[in-house]
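Dear colleague,

I am handing over the structure below, and my notes on what was found in it follow. Please read them alongside the coordinates.

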Amino acid sequence: MSRLLATVLIAAGLLPGAVLAGKATGTAPLAIVAAASPAPLAAPVDFGPPQGEPIHAVLGIPPNVPEPIHRNYPAKVIVDLEVIEKEMPISEGVTYTYWTFGGTVPGSFIRVRQGDTVEFHLKNAPDNKMPHNIDLHGVTGPGGGAASSFTAPGHESQFTFKALNAGLYVYHCATAPVGMHVANGMYGLILVEPPQGLPKVDHEYYVMQGDFYTTGKYREKGHQPFDMDKAIEERPTYVLFNGREGSLTGDHALTAKVGESVRLFVGNGGPNLVSSFHVIGEIFDKVYYEGGTHAQENVQTTLIPAGGAMMAEFHVDVPGSYVLVDHSIFRAFNKGALGILKVDGPENKAIYSGKEVDSVYLGDRANPNLHAVATAAKANASGTLSKDDQIAAGKQLFTGTCSVCHQANGEGLSGVFPPLAKSDYLAKQDKDHLIGIPLHGLTGKVTVNGKEYDSVMPPMSQLTDDEVANILTYVLNSWGNPGGQVSKEEVSKVRATPAPAAMGH
């Protein structure tokens with residue numbers, strides 16, 4: 001019997017480990033070496049026919065995953081997954097028509113064991129408009145199942161595959177135009193556990209990045225259709241975790257306690273961008289890169305290709321807010337690829353003495369939620385937007401856009417950034433000039449409350465018209481300023497006007 005065959009049979013439990021006992025050379029038996037240093041994922045093996053009664057898979061709704069598998073035999077696992085086309089929020093006050101596996105983006109998390117025989121049922125809801133299929137990267141067979149699962153609205157397809165390779169795999173729709181189906185949110189993860197399972201951790205979470213292409217700009221309110229030209233040119237409007245801006249912040253933040261271990265199953269649906277995944281303030285103990293067998297240790301940032309995945313394991317040692325980002329950093333703070341792991345527990349000054357992560361990093365996501373922004377957007381859509389609605393929304397937006405320099409109390413930084421509180425500069429300027437400041441920036445010397453400042457405010461061109469209007473309305477009605485109201489239409493008018501060569505005074 002060859003050593004390779006014996007190794008396979010031992011892994012399958014068909015031979016005792018003593019078969020591979022080492023010779024009298026001082027080397028340890030191979031089976032003992034394997035037991036002492038187990039690989040996290042097993043090599044491809046056919047463990048034989050399924051045993052026992054068929055099992056209906058329990059699917060995970062992101063960011064949650066199903067419980068680990070504890071059986072020691074291969075089974076027939078039945079997976080039922082329904083494609084649902086539905087309109088959902090993509091950001092506060094912004095909606096998008098997603099195409100989904102299971103009603104969520106990413107789709108339901110599937111968890112099986114290496115050697116399982118998977119009977120896959122794909123349903124296409126009757127009120128959907130498009131045909132769909134599924135390509136699972138964990139499938140050995142034409143199209144990863146796509147060739148067998150083309151499904152029209154109101155129909156169901158079925159095919160069967162054996163999970164030969166352990167690992168973490170992406171699945172996605174592969175119906176033409178494939179890029180459009182993927183860009184609309186049709187992707188998810190399937191975990192094929194090795195027979196011995198994964199090391200025990202306290203928390204497992206499911207995160208998947210995707211890039212989205214809308215006709216309107218980032219955070220432009222209302223319903224936003226898909227923009228094929230932007231997608232082809234790879235110019236995403238949004239880059240998001242779990243399909244929505246804020247999906248992993250505020251009330252939806254991931255949680256853990258000091259001293260606990262965390263495993264992140266992270267995928268990248270694309271369709272275009274590679275992810276530079278990073279957790280600010282943490283170092284990954286292990287990263288199983290590309291979802292495979294090998295692990296790298298002590299990793300700061302890891303690449304996840306479009307259509308790829310990885311598993312990261314780490315311990316949390318001190319409390320605070322740990323920020324999940326794509327470290328292609330404009331994607332995090334200007335396109336939405338930002339989440340939070342909230343860790344509670346006692347401080348450990350020997351490891352870290354500072355304060356919890358604050359608005360400097362989190363931007364407007366430092367707020368627990370952005371409900372006021374969503375409320376203002378709904379009121380504007382219905383024609384009932386009030387000044388109070390604008391002030392409440394502007395306050396939340398100010399936190400992420402302006403408070404770093406001007407401070408949350410509007411006092412600015414002495415000798416560097418002018419105050420907005422009780423500002424004579426704001427009081428004496430006409431409205432168009434005030435609107436032009438965030439739109440076009442402000443350069444050169446200005447005198448505010450009797451003191452001269454000579455700094456640079458860059459243009460906030462990433463802000464939409466309603467965001468500029470709400471921030472200015474908040475500032476004008478705060479900290480003893482004269483009051484007033486700025487409308488979205490007034491901002492739009494100034495935006496259409498050529499910017500002056502330099503704004504000052």
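**The cavity and its lining**

The largest cavity in this predicted model has a volume of about 30 Å³. With the cut-off set at 30 Å³ or more, the count comes to one cavity. Its lining is made up of Ser91, Glu92, Arg219, Lys221, Leu370, Val373, Leu397 and Glu467, and when these residues are sorted by class, four are charged, three are nonpolar and one is polar.

**The chain as a whole**

The protein chain has 505 residues, of which 50% count as buried, and it contains 13 helices and 23 strands. Of the contacts in the chain with a separation of 6 or more, 69% are accounted for by residues 24 or more positions apart.

As to confidence, the average pLDDT of the protein chain is 88, and 88% of the residues score at least 70. Please keep in mind, however, that over residues 1–39 the pLDDT stays under 50, and that for this stretch the model has 27 contacts beyond four places in sequence.

**Cysteines**

How many disulfides does the structure hold? The number is zero, and the two cysteines Cys402 and Cys405 can be examined in turn to see why. A disulfide is a covalent bond between the sulfur atoms of two cysteines, and the criterion applied here asks for a pair of cysteine sulfur atoms within 2.5 Å. For Cys402, the closest cysteine sulfur is that of Cys405, and because the distance is 8.7 Å, the two are too far apart for a bond. Seen from the other side, the closest cysteine sulfur to that of Cys405 belongs to Cys402, again at 8.7 Å and too far for a bond. As for their surroundings, Cys402 counts as buried, at 16% relative accessibility, whereas Cys405, at 29%, counts as partly exposed.

**A loop residue, Asn128**

Where is Asn128 found? This residue sits in the loop between β5 (117–124) and β6 (135–136), and is Asn128 buried or exposed there? With a relative accessible area of 6%, Asn128 is buried, because the limit for that class is under 20%. Once its neighbours within four places in sequence are left aside, Asn128 is in contact with Val83, Ile84, Glu85 and Pro153. One of these partners, Val83, is 45 residues from Asn128 in sequence, while the C-alpha atoms of the two are 8.2 Å apart in space.

With kind regards

Notes
Residues are numbered from 1 along each chain as its sequence is written. This is a predicted model: local features need pLDDT of at least 70, side-chain atom pairs count only at pLDDT 80 or more; totals for chains, interfaces and linings use all residues. Side-chain values use heavy atoms; hydrogens and water are left out. On a 1 Å grid over the protein atoms alone, a cavity is a set of points where a 1.4 Å probe fits but cannot get out, and a pocket is an open set with protein on both sides within 12 Å along at least five of seven lines; lining residues have an atom within 4 Å of a point. Grid points are joined across faces, edges and corners, and a volume is the space filled by probe spheres set on the points. Ala, Val, Leu, Ile, Met, Phe, Trp, Tyr, Cys and Pro count as nonpolar, Asp, Glu, Lys and Arg as charged, and the others, Gly among them, as polar. Buried means under 20% relative accessible area, exposed over 50%, partly exposed in between (1.4 Å probe, protein chains only). pLDDT is the predictor's confidence in each residue, from 0 to 100. Contact means heavy atoms within 4.5 Å. Helices (H or I, at least four residues) and strands (E, at least two) are DSSP runs, numbered from the N terminus.
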